[in-house]
Amino acid sequence: LAGGLRLFGLNIPVAVTMFGAIFPERFSFLTKRLWNRVDGVITATKHVQGKLKSNGIASVQVKHGVIRNLVEEQGDVVILPKHRVLFWRDMTKKNGADVALEAFDQLAPKYPEVSFAFAVRQHWDPIEGVDAIESKHKNFTVYHFPYEDGITLPKLLLESLCVVMPIRHMSIDPQLVIAETLASGVPIIATDQRSNPEFIVVGKTGYLVPLGDVEATTKALDAMLSDQSKLLQMGIDAKKDIETRWNWDSYASELAKIYTGLLQK
């Protein structure tokens, strides 16, 4: 769209902010011409910047802050001390729900004092076997949206010791659920792919695991739960790290400089 505006005669600069970079080969004869017309490309992550560069497109990285502040959303809900391990996303294989479920199934008996929970929306293609695991373990619960009275996503998250998010398919970079979890002061286990390593400091704010690797996910979660005082500190470090590296303080001014530079050209 941006390249098309310039191609068809728009006589002012056009800047684009990209949160993904997909280049279908069958349309390359057209897309290359359009990309060459774009005056400025901005992206939040090094991953997307690298994808753009490999296709001959220069870009500038400008880190933004967290879109959804779940700490501010908690309102008047009573937040209990941290006692939960949480998976929050659609209950699908693409989101790694099957990996999280197997890890929870293995560790729920070992940590009876910990609550293991899924907070999910309805989906047309959910994984199977969840009801059986919920019946098997007293400390495993599935919360379906819309949640019952007294249950909110901020409450579930802020009461969590950590989040398990072994996503296989990422739609954008950054995947906002990763940043929002860390910004809430909750360490996370996520897949080692795309922009996730830019957000998680391994061993300090969370862990990265291979895609679809139940054993690695279970091992990382077991290590975290075995030292809960360290785990609480990881949550503190996660919040501080995101606030330091990913925030809105300089975002607008950096964009303004880029736009001004394009106008001066």
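This tour goes through a surface patch and then the aromatic pairs of a predicted model.

Start at the N terminus and select Leu1, Leu5, Leu10 and Ile12. Together these residues make a nonpolar surface patch of about 410 Å². Within that selection, pick Leu5, which sits in helix H1 (residues 2-7). Its side of the patch can be checked by accessibility: Leu5 has a relative accessible area of 40% and is therefore partly exposed.

Next, turn to the aromatic rings. Across the whole structure, a search finds eight aromatic pairs. Select Phe104 and Phe118, one of these pairs: the ring centres are 5.7 Å apart and the planes meet at 70 degrees, so the geometry is edge-to-face, the class for angles over 60. Colour by secondary structure to see that Phe104 belongs to helix H5 (residues 97-107) and Phe118 to strand E5 (residues 115-120); the pair therefore ties together parts 14 residues apart in sequence. Both Phe104 and Phe118 are buried.

Then move to Trp248 and Tyr251. Here the ring centres lie 5.2 Å apart with the planes at 80 degrees, so this pair is edge-to-face as well. Are the two residues buried or exposed? Trp248 is partly exposed, at 42% relative accessible area, whereas Tyr251 has 14% relative accessibility and so counts as buried, the limit being under 20%.

For the last stop, go back to Phe104 and Phe118 and extend the selection with Phe87, Phe116 and Phe140. These five residues form one aromatic cluster.

Methods:
Residues are numbered from 1 along each chain as its sequence is written. This is a predicted model: local features need pLDDT of at least 70, side-chain atom pairs count only at pLDDT 80 or more; totals for chains, interfaces and linings use all residues. Side-chain values use heavy atoms; hydrogens and water are left out. Patches are made of residues with over 30% relative accessible area and no salt bridge: like charges are joined within 9 Å, nonpolar side chains (Val, Leu, Ile, Met, Phe, Trp, Tyr) within 5 Å. Accessible areas come from the Shrake-Rupley method with a 1.4 Å probe; for residues, only the protein chains shown count as cover. A salt bridge is a side-chain nitrogen of Lys or Arg within 4 Å of a carboxyl oxygen of Asp or Glu. Helices (H or I, at least four residues) and strands (E, at least two) are DSSP runs, numbered from the N terminus. Buried means under 20% relative accessible area, exposed over 50%, partly exposed in between (1.4 Å probe, protein chains only). Rings of Phe, Tyr and Trp (its six-membered ring) pair if their centres lie within 6.5 Å; planes under 30 degrees apart count as stacked, over 60 as edge-to-face and the rest as tilted.
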